[in-house]
2 protein chains.
Amino acid sequence: MTDVIDLPVKDRFHLPEGVTYLDGNSLGVLPRGAAARAAQVIEHDWGNELIRAWNSCDWMDLPRRVGDRVAGLIGAPAGTVTMGDTLSVKVFQALSAAVEMRPDRRVILSDAGNFPSDLYMADGLVRHLGRDHSVVTPAPEDVLAAIDESVAVVMLTEVDYRTGRRHDVGAITEAAHAAGAVMIWDLAHSAGALPVDVAGCNCEFAVGCTYKYLNGGPGAPAFIYVRPDLADSIDPVLQGWLGHAAPFEMARDYRPAPGVERMRVGTPPVLQLAVLEAALDAWEGVSLESLRAASVALSERFITEVEARCPSLTLASPRDAGARGSQVSFAHPEGFAIMQALIARGVIGDFRAPDILRFGFTPLYLDEGDVVRAAEVLEEIMVTEAWRAAEYQVRGRVT
Amino acid sequence: MTDVIDLPVKDRFHLPEGVTYLDGNSLGVLPRGAAARAAQVIEHDWGNELIRAWNSCDWMDLPRRVGDRVAGLIGAPAGTVTMGDTLSVKVFQALSAAVEMRPDRRVILSDAGNFPSDLYMADGLVRHLGRDHSVVTPAPEDVLAAIDESVAVVMLTEVDYRTGRRHDVGAITEAAHAAGAVMIWDLAHSAGALPVDVAGCNCEFAVGCTYKYLNGGPGAPAFIYVRPDLADSIDPVLQGWLGHAAPFEMARDYRPAPGVERMRVGTPPVLQLAVLEAALDAWEGVSLESLRAASVALSERFITEVEARCPSLTLASPRDAGARGSQVSFAHPEGFAIMQALIARGVIGDFRAPDILRFGFTPLYLDEGDVVRAAEVLEEIMVTEAWRAAEYQVRGRVT
């Protein structure tokens with residue numbers, strides 16, 4: 001990293017004309033170097049090096065190399081993060097390992113605001129384990145009180161995908177440990193959105209995706225962190241050959257690789273990993289503290305503007321900036337149609353059922369002008385009731 | 001599909017100068033349209049459409065659309081194949097479902113020639129299920145005799161990754177069903193290598209990868225087929241949100257999607273899927289029967305040439321072409337060094353421990369001239385003992 005630079009660094013990204021993009025919390029924008037890197041991997045590495053590229057172009061090492069880059073953004077030491085699969089699969093791996101670390105306990109504690117896929121994966125794991133575990137999901141604000149000595153694992157997403165509400169990572173991890181539970185943090189809406197201190201909080205596992213605030217592109221692979229003192233004792237449920245200590249021995253018996261490498265499963269998604277690696281160059285010189293300051297400033301400005309201009313929208317995120325991630329949500333019964341009208345006018349956020357308008361703030365490529373423009377367009381839609389137009393009412397597949 | 005065309009169709013691929021590539025059974029070569037499609041997905045879809053591309057560029061439908069293309073190459077009806085994850089993960093999904101279809105049985109029957117990752121995944125599943133299943137792995141030729149009423153699942157790879165030996169899919173599936181067992185075929189070395197008739201053999205599950213004979217590129221996603229009469233009753237172990245009947249309802253409870261779609265897990269690897277989709281264009285007009293005829297001709301010619309020129313190499317594949325897939329292996333105690341010397345001379349095959357030189361025949365882009373050249377270079381290496389050079393003896397990471 002060079003000296004800290006000022007945000008935004010819009011010139012590091014391709015931003016389409018006429019678009020104000022407040023959906024980087026769902027899919028980050030295209031970093032400038034990504035297309036060239038994809039072309040290189042496809043035309044040179046694959047096209048000319050072919051199978052040799054696993055060594056000559058260091059494909060085999062991509063999960064570790066990219067993992068180290070992600071580690072640097074979530075406060076994890078080098079060598080403790082690996083990349084691959086999807087976030088749902090990484091949740092499954094972490095949870096399986098965590099449950100087995102507390103064989104005498106039966107509660108997996110999450111919350112009702114967790115992303116559904118995390119809970120589905122937990123439900124599936126429990127049912128197929130043939131055990132009598134329960135997946136308990138109190139309201140987010142009741143999690144701390146629900147941690148007791150029945151809890152095997154506390155599994156939470158730091159920032160609520162719907163409301164942007166942010167858990168107190170330090171306090172919850174401490175409470176989990178005090179009760180003897182294992183802590184898993186899902187950092188889907190944290191990595192690249194705000195400072196994260198995985199090592200400092202001492203959680204056992206952290207997982208996350210890379211296509212949101214890390215701008216890795218559609219379908220970019222997930223990451224998993226395992227606390228280094230534990231990694232060598234994890235017994236992986238998904239024991240794929242690339243998590244083997246010596247995959248090319250092709251031995252009959254699985255022998256897990258040292259450390260977090262055992263959380264690798266199958267052949268890595270080389271193309272997506274290479275694009276992600278190029279995308280991470282956009283973080284050069286960026287301080288996460290500056291990013292957070294910018295995120296708070298943008299979010300606060302947006303709330304102020306929208307509340308002043310659009311009284312029928314209700315803030316659905318915590319008012320206290322410290323209790324939010326890097327998104328702001330407003331509720332409105334016609335949220336779906338309002339969001340369609342916004343998108344039609346080039347202001348892109350997204351809708352989450354039943355009534356949430358979601359706006360993500362990505363200070364790498366947003367400035368106050370973007371935020372004010374978005375509020376202006378939203379005001380126009382509300383004042384003119386443009387959202388009543390038939391074309392905005394039709395629900396197709398949504399994202 | 002248009003009229004059947006003659007093979008090879010070398011002009012559909014980028015083949016590097018000076019290389020004779022007999023490793024398409026490990027990583028297929030670059031199809032001509034792949035780079036342009038990647039550029040389109042990155043620069044247009046991601047860059048300009050951003051999150052809207054899930055709908056406007058049909059990203060969400062990619063696993064089904066590409067699955068239908070793969071279905072056409074493995075004798076499966078449209079709508080019975082979906083794409084995603086890695087082959088190891090798809091093995092885990094199929095096996096978990098299969099085991100639960102025979103709750104009163106305790107044997108998972110595979111063979112000692114199966115790809116290690118398939119066996120590792122089975123071992124992991126069994127151990128973590130907390131059940132008393134055994135993963136039994138007789139020699140490949142003893143599988144048929146080992147099928148009895150203790151067997152819950154027969155899980156085999158049709159073509160042996162080391163020797164190219166091919167199982168009798170029809171006979172084994174019939175025997176499995178006669179004994180009341182569930183049949184899973186791993187088609188990693190079959191799809192795009194020879195005619196496959198998944199529906200005709202009536203197996204319950206088939207899985208495979210797409211970076212070998214389907215030329216999907218490094219890390220291309222896997223496929224899974226579920227027999228349509230069963231798909232609606234599968235209870236997925238990896239119940240990710242994109243296998244949900246209505247993922248964007250974000251409901252608390254998982255409700256599996258109809259059919260094979262429930263085998264989707266997380267966000268699809270859009271970039272890799274799009275490249276794979278472009279790669280599958282290379283099959284336009286290709287008859288799998290012609291492909292097989294060409295594969296047999298190339299393989300037979302190679303065996304004849306090598307046996308005539310290199311008497312110290314021992315054929316490690318079945319001599320009967322009908323009992324082989326689309327690869328030929330030779331054994332030699334110095335196999336590793338010999339393969340390094342070959343690769344240094346532009347003839348690319350690969351090595352599999354302990355002593356196997358592997359050569360894959362991919363009639364889409366190989367002709368007899370390639371095969372004869374490879375045999376000539378191999379002869380030169382054996383006659384001159386060029387493989388004794390120090391640089392070929394050093395084992396680094398291998399692929």
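# A tour from the rotation axis outward

Start by selecting B:Leu129: of the residues of chain B, B:Leu129 comes closest to the rotation axis, with its C-alpha at 2.3 Å. The model is predicted, so local features need pLDDT of at least 70 and side-chain atom pairs count only at pLDDT 80 or more, while totals for chains, interfaces and linings use all residues. Residues are numbered from 1 along each chain as its sequence is written, and chains are lettered from A and ligands numbered from 1 in the order in which they are written.

Now display both chains. A turn of 180° with a shift of 0.0 Å along the axis lays chain B on chain A with an RMSD of 0.0 Å (least-squares superposition on the C-alpha atoms of residues with pLDDT of at least 70 in both copies). This is the relation of a two-fold axis. Of the interface residues of chain B, 100% are also interface residues in chain A, so the copies meet through the same surface (contact: C-beta atoms, placed from the backbone, within 7 Å).

Next, hide chain B and look at chain A. Its C-alpha trace spans about 70 × 55 × 45 Å along the principal axes. Chain A contains 14 helices and 15 strands (DSSP runs, numbered from the N terminus: helices are H or I of at least four residues, strands E of at least two).

Colour chain A by domain: domain 1 covers 34–283 and domain 2 covers 287–393 (bounds from an automatic or database domain assignment). The domain centres, taken over C-alpha atoms, are 30 Å apart in chain A. To the contact between them, domain 1 of chain A gives 13 residues and domain 2 of chain A gives 18 residues. On the domain 1 side of chain A, these residues divide into 6 nonpolar, 4 polar and 3 charged (Ala, Val, Leu, Ile, Met, Phe, Trp, Tyr, Cys and Pro count as nonpolar, Asp, Glu, Lys and Arg as charged, and the others, Gly among them, as polar).

Return to chain B and select the open sheet of 4 strands, with the order E11-E12-E15-E14 and antiparallel pairing (two strands pair if DSSP finds at least two bridges between them). Strands E11 (314–315) and E14 (350–352) of chain B stand at the edges, each with a single partner strand, so one side of each has no neighbour in the sheet.

Zoom in on strands E12 (residues 327–331) and E15 (residues 356–360) of chain B, which pair in the antiparallel sense over 5 bridges. Here B:Gln327 stands opposite B:Gly360 in E15(B).

Finally, add helix H11 (residues 288–309) of chain B, which lies across E11, E12 and E15 of chain B and runs at about 20° to E12(B) (axes are lines fitted to C-alpha atoms, for helices over the stretch in contact; angles run from 0 to 180 degrees between N-to-C directions).

Technical notes: Contact = placed C-beta atoms within 7 Å.
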